[in-house]
Structures are given as C-alpha cells and as structure tokens.
Amino acid sequence: MYTNGHFAYAYTAAVLTNGLGLVRNVMLFEGQKDSVTLKPILEDFHLHHDISRYEYFTADAGFDSTENYRYLVEECKLKPVINLNPRNTKDLPKPDSDSEGVPLCPKNPGLKFKYAGFCKSRNRIKWVCPLTKRGKSGYICTCPNPCTNSKSGRMVYTYPEDNYRRNTPIPRNSKLWEKFIRNVLLWNSRSLD
C-alpha cells in the first residue's frame, strides 16, 4: 500500500480497548476484512481475560454484519453498539420466499432466485436474481425492470441458523439437493427389490 508518501507492506491490526481507551488486546491480520475478524479477536481476548465482566461491545461500521450481531449476542452475551454500514442498509424491496425457503423476485413473485453457493466463512447461502447470467467478468443482470442499480443484479443471503428447517445448508431447489434426492430415491428403490 502507499502510506505517508512511500510504499509499504503492512498488516491490518485490530486493537481492542476498554471503556477508558486502554489497550486490552492487539492482533495482526493479513488481507482480511473487518467483518470477519471480530470472532478471532474476541476468542483471542477471551483466552486471557474474563469476557463476562463486560456488558457492551462498541465498534465502527466495518463490523456491521448479521453474523457479528449474532455472535456477540448469542455466544458472547454482549450488547453490540455498532454503527450502521450504509452498504448494508440499501433501501431495496424485500423479497418473499416460497414454502421451501427459496427467495422470490420482489417485482415478480413467480420467479425464484437461483442458488449461487454457500459462503462457509459467513455461514450463509447466496442467491442471485433469476434473470442474472454469469459472464466472463462476473454476474450480469438481464432484467428489464431491475429492483437494484447493481449491474450484477440483486443478491440475497439466507442464514441457516435463522431457521434450519427452511434455510437448509443445501438449498432445496439446487442441483446438489436434486442429486441427493435422486440418490436417496435410487437407494430406496434398490432396498425394496
């Protein structure tokens, strides 16, 4: 990176302080975004300090993510105070979902979003607009009346832990789901013979 008039190789640093601003923990990261560093920072901190002594966790907008809120509340028993990241609060129409948990186009509920993979690092399922095509340089939306200004079209994420039955880690309408179902049906038909 170019810093203070010269090129430098640098690590991303996370500095954890208490309410008085006293440094309690420092960690170095290479090439990771703020939103994914929260859990390792607090786990390292917890090795050396009693986290139950704290009630609140404050952070800047870089830590504004559903995963971080869930982690802070459910696992750390802390009350998060995190600035909203404007990139995470777009005023877009909310898609409904069908009975199997597949998101539906907010402008045409007859169109189901397409499964686009499972993000292990964030434990979420990625869905793309049903009218989005994958090109050489990424996704391209072909919708004549898009619900977003993004050239790649609308992307929606579902989180299995919100409803494990509905948001299965292997989505019900994906090719992988169909493959498993075919194998189960094949196995059942052989066992009946």
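Which pattern does the protein follow when read along the sequence?

**View 1. Overall fold of the predicted model.** Along the sequence, the pattern is β-β-β-β-α-β-α-β-β-β-β-β-β-α. The protein contains three helices and 11 strands. Of its 193 residues, 30% are buried. Among contacts with a separation of 6 or more, 41% are between residues 24 or more positions apart.

**View 2. The β-α-β unit formed by S5, H2 and S6.** Strand S5 covers residues 56-59, helix H2 residues 66-75 and strand S6 residues 79-82. Together S5, H2 and S6 make a right-handed unit. The two strands, S5 and S6, pair in the parallel sense, and four bridges join them. Phe57 has Pro80 of S6 as its bridge partner.

**View 3. The second largest pocket.** Its volume is about 540 Å³. The pocket is lined by 25 residues, and those closest to its centre are Val15, Leu16, Thr17, Phe57 and Thr58. Phe57, which is paired with Pro80 in View 2, is thus seen again here at the pocket.

**View 4. Elements and residue classes in the lining of the second largest pocket.** Strands S3 (12-17), S4 (23-29) and S5 (56-59) and helix H1 (34-48) each supply at least two residues of the lining. S5 therefore appears both in this lining and in the β-α-β unit of View 2. By class, the lining residues are 16 nonpolar, six polar and three charged.

Conventions: Residues are numbered from 1 along each chain as its sequence is written. This is a predicted model: local features need pLDDT of at least 70, side-chain atom pairs count only at pLDDT 80 or more; totals for chains, interfaces and linings use all residues. Side-chain values use heavy atoms; hydrogens and water are left out. On a 1 Å grid over the protein atoms alone, a cavity is a set of points where a 1.4 Å probe fits but cannot get out, and a pocket is an open set with protein on both sides within 12 Å along at least five of seven lines; lining residues have an atom within 4 Å of a point. Grid points are joined across faces, edges and corners, and a volume is the space filled by probe spheres set on the points. Ala, Val, Leu, Ile, Met, Phe, Trp, Tyr, Cys and Pro count as nonpolar, Asp, Glu, Lys and Arg as charged, and the others, Gly among them, as polar. Two strands pair if DSSP finds at least two bridges between them. A crossover is right-handed if, with the strands pointing away from the viewer, the path from the first strand over the helix to the second runs clockwise. Buried means under 20% relative accessible area, exposed over 50%, partly exposed in between (1.4 Å probe, protein chains only). Contact means heavy atoms within 4.5 Å.
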